[in-house]
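Trainee: I'm new to this one, and I'd like to look closely at a single part before I try to take in the rest. Could you pick a spot and walk me through it slowly?

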Amino acid sequence: MFRRGRALQHPVTITLDGAAVPAELGEPLAVALIASGRVTLARSPKLHRPRAPTCLRGGCDGCLARVDGVPNVMTCLRPAAGGERIEVQNVVGSRQADLLQVTDWFFPQGIDHHHLMAGVPGLSGVMQSIARKLAGLGQLPSAALSPERAARLDVDAAVIGAGPAGVAAASTLSARGLRVALVDDGLAPGGSLAGAPRRAAELLARYPLDGVRELRRHVAAGVYLGELLVAGDAGATVIRAPAKVFATGAHDGVAAFPNNDLPGVFSARAFCRLLACGVEPTGPVALAGEGPWADELASALGDRVAVRIPLAALAAVNGISQVKSVTVRDAPFAPDSPTSDVRVVAVAVDAPAAPAFEVAAQAGARVEIDPRAGYAVQVDARGRADDGLWAIGECTGASLDLAGIERAATILADDVLAARSLTPA
C-alpha cells in the first residue's frame with residue numbers, strides 16, 4: 001500500500017510485535033510503520049474492526065499502540081529515536097487476524113451491549129462481564145509509572161496551538177516585548193503545514209519564534225481557576241498567563257460513506273504529510289472532495305490519482321482489511337445513479353474541517369454552531385472571545401488563509417497589549 005520514496009538519511013530501527021522496522025530518526029512512529037507497509041495498527045474498542053491512522057495529528061484512534069510497555073500511545077505524535085518496542089493492543093491473535101473481530105461479523109449493524117440480555121436472570125451479569133473484557137484500549141502498563149514532576153511557568157501570554165495562526169500570534173506578541181509560551185502537541189511548529197514543508201519554512205521565516213518559550217509535545221488539558229494546565233512526557237506544567245490565545249486549528253472532516261474507517265482511508269492533509277516524509281503509495285489513489293489539501297495532493301501525485309471526484313460521488317470504499325477499490329456514482333447528487341468501481345490502494349478525503357473549539361469552550365469562550373462544519377469559537381473584530389481570552393485561525397471557523405492570519409495576528413496583538421495596559425498592577 002505504501003513504501004519509501006527516498007533513502008533514509010538517519011536510519012534507526014524500531015520493532016512492531018518483535019519484527020524490525022527501519023525508521024528515519026525523528027519521524028513519527030506511525031509514519032515509519034506505514035512506510036514499511038504496516039498500515040493496520042489498531043483495532044476498534046468494541047467491534048474490533050481494523051484501524052489505521054487517518055489524520056496523523058492525534059485526532060483519531062487509528063494509531064494507538066503499546067510502546068515500551070505503555071498502552072494507548074499516539075504513535076503519530078511520538079518521534080522515532082530508535083529501539084522503541086511497539087505492540088498491537090486489544091487483540092486476541094495478531095495484528096492482522098484478531099479473533100475478536102467475529103463480533104463485527106455477528107453484529108454487522110452494531111451492538112448495544114448495555115441492553116443485550118439485560119434483565120435476564122443469571123445471564124445479564126455474565127454478559128456485562130464479557131463485554132467489559134472484550135472491549136477496551138489495552139492493558140495497564142507493564143511496570144508502575146514513576147511520579148512525574150510538576151512545574152509552574154509565568155508568562156504574559158500563552159498561545160495554544162502552533163499551527164500557522166498560533167505561530168503568527170506568538171511571534172507577533174513576542175516581537176511586541178511580551179513573554180510568550182507556545183503550547184502544541186505536535187513534533188514541530190507549523191501544524192497542518194507539516195504536509196507542505198516549503199510553506200512551513202516560509203511561515204517560520206516570516207514569524208520567527210526567537211524568545212518564545214516553546215512547549216512541544218504538550219497537551220493543553222484545560223484552564224482551571226484562570227491557570228492553564230498542560231501535560232507532556234516529562235510531567236505537567238501550570239501556566240499563569242493573563243492573556244490566553246487559542247489557535248487550536250480544526251479537525252479533519254469525516255465523510256459518511258460505507259467503510260469510511262477502512263485502513264487506507266486518509267484525510268488529504270494526512271496524505272500530504274506522508275508524501276512530505278518521503279512515503280508514497282504503491283498504486284493508484286482515489287481523491288474525494290474539494291479544498292486546498294486536495295489541490296496540494298493532486299499536484300503532488302499527478303497521474304497516480306486514478307479518480308478525483310466530489311465527496312457526494314463517493315458511494316463506498318471496498319475491501320475487508322484494507323482498501324481495494326472505490327465505488328463511484330456517475331451523478332454525485334443522485335443516490336440511485338449508475339455506479340462503477342475503480343481499483344485503488346488508498347483513498348484521500350478532503351471534507352470540510354471542524355473547528356477545534358473544545359479547550360477554548362472549557363476556558364469560558366462562547367461557541368456557536370457553524371453550518372459549514374460544526375461549533376466554532378466566537379470572537380469580535382479584535383479576536384477577543386472573553387475577558388483575557390482570544391482566538392484566531394480555523395478554530396473560529398476561518399479558512400486556512402495566511403494573509404488573513406497575518407492581519408488577524410496584528411489586530412489581536414494590539415488588543416492584547418491594550419488590555420494589558422488597562423489591567424491593574
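**Around one buried ring**

Mentor: Let's start at Phe 271, which counts as buried because its relative accessibility is 0%. Keep in mind as we go that this is a predicted model.

Now look at where that residue sits. Phe 271 belongs to helix α6, which covers residues 268-276. The helix is largely enclosed by the rest of the structure, since 8 of its 9 residues are buried. If you want to click through them, the buried ones in α6 are Ala 268, Arg 269, Ala 270, Phe 271, Cys 272, Arg 273, Leu 274 and Leu 275. Two arginines are in there, Arg 269 and Arg 273, alongside residues such as Leu 274 and Leu 275. After the helix comes Gly 278, and its phi is positive, near 85°.

Next, the rings. The structure has 4 aromatic pairs. In one of them, the ring centres of Phe 2 and Phe 271 are 5.6 Å apart and the planes meet at 55°, so this pair is tilted. Check the numbering on those two: Phe 2 is in strand β1 (residues 2-4) while Phe 271 is in α6, so their contact ties together parts that are 269 residues apart in sequence. Phe 2 counts as buried as well, because its relative accessibility is 4%. Phe 271 has another ring partner, Phe 266: the centres are 5.8 Å apart with the planes at 75°, so that pair is edge-to-face. With 1% relative accessibility, Phe 266 counts as buried too. Put the three together and you've got one aromatic cluster, made of Phe 2, Phe 266 and Phe 271.

That's the part I'd have you learn by heart, but here are some other places to visit from there. For another aromatic ring, go to Trp 293: Arg 199 lies over its face, at 5.8 Å from the ring centre.

Then try the strands. β13 (residues 218-224) and β14 (residues 227-232) run antiparallel, joined by 6 bridges. Find Gly 222 and you'll see Leu 229 of β14 standing opposite. The hairpin between these strands has 2 residues in the turn, and Leu 225 takes a positive phi there, near 55°. From β14 you can carry on to β15 (residues 235-240), again antiparallel, with 5 bridges between them. Leu 228 has Ile 239 in β15 as its bridge partner, and a hairpin through 2 residues makes the link from β14 to β15.

What about empty space? A search of the whole structure turns up 1 cavity of 30 Å³ or more. The largest cavity holds about 50 Å³ of space, and the residues lining it are Ala 42, Arg 43, Pro 45, Asp 61, Leu 64, Gln 89, Asn 90 and Leu 137. Sorted by type, that lining has 4 nonpolar, 2 polar and 2 charged residues.

You can use Asp 61 from that lining to find your last stop. Val 73 is 12 residues from Asp 61 in sequence and 9.7 Å away in space, C-alpha to C-alpha. Val 73 sits in strand β7 (residues 70-74), and with a relative accessible area of 8% it is buried.

When you've made that round, go back to the cluster of Phe 2, Phe 266 and Phe 271 and turn the view until you can see each ring.

Definitions and conventions
Residues are numbered from 1 along each chain as its sequence is written. This is a predicted model: local features need pLDDT of at least 70, side-chain atom pairs count only at pLDDT 80 or more; totals for chains, interfaces and linings use all residues. Side-chain values use heavy atoms; hydrogens and water are left out. Two strands pair if DSSP finds at least two bridges between them. Helices (H or I, at least four residues) and strands (E, at least two) are DSSP runs, numbered from the N terminus. Rings of Phe, Tyr and Trp (its six-membered ring) pair if their centres lie within 6.5 Å; planes under 30 degrees apart count as stacked, over 60 as edge-to-face and the rest as tilted. Buried means under 20% relative accessible area, exposed over 50%, partly exposed in between (1.4 Å probe, protein chains only). A charge sits over a ring if NZ of Lys or CZ of Arg is within 6 Å of the ring centre and within 35 degrees of the ring normal. On a 1 Å grid over the protein atoms alone, a cavity is a set of points where a 1.4 Å probe fits but cannot get out, and a pocket is an open set with protein on both sides within 12 Å along at least five of seven lines; lining residues have an atom within 4 Å of a point. Grid points are joined across faces, edges and corners, and a volume is the space filled by probe spheres set on the points. Ala, Val, Leu, Ile, Met, Phe, Trp, Tyr, Cys and Pro count as nonpolar, Asp, Glu, Lys and Arg as charged, and the others, Gly among them, as polar.
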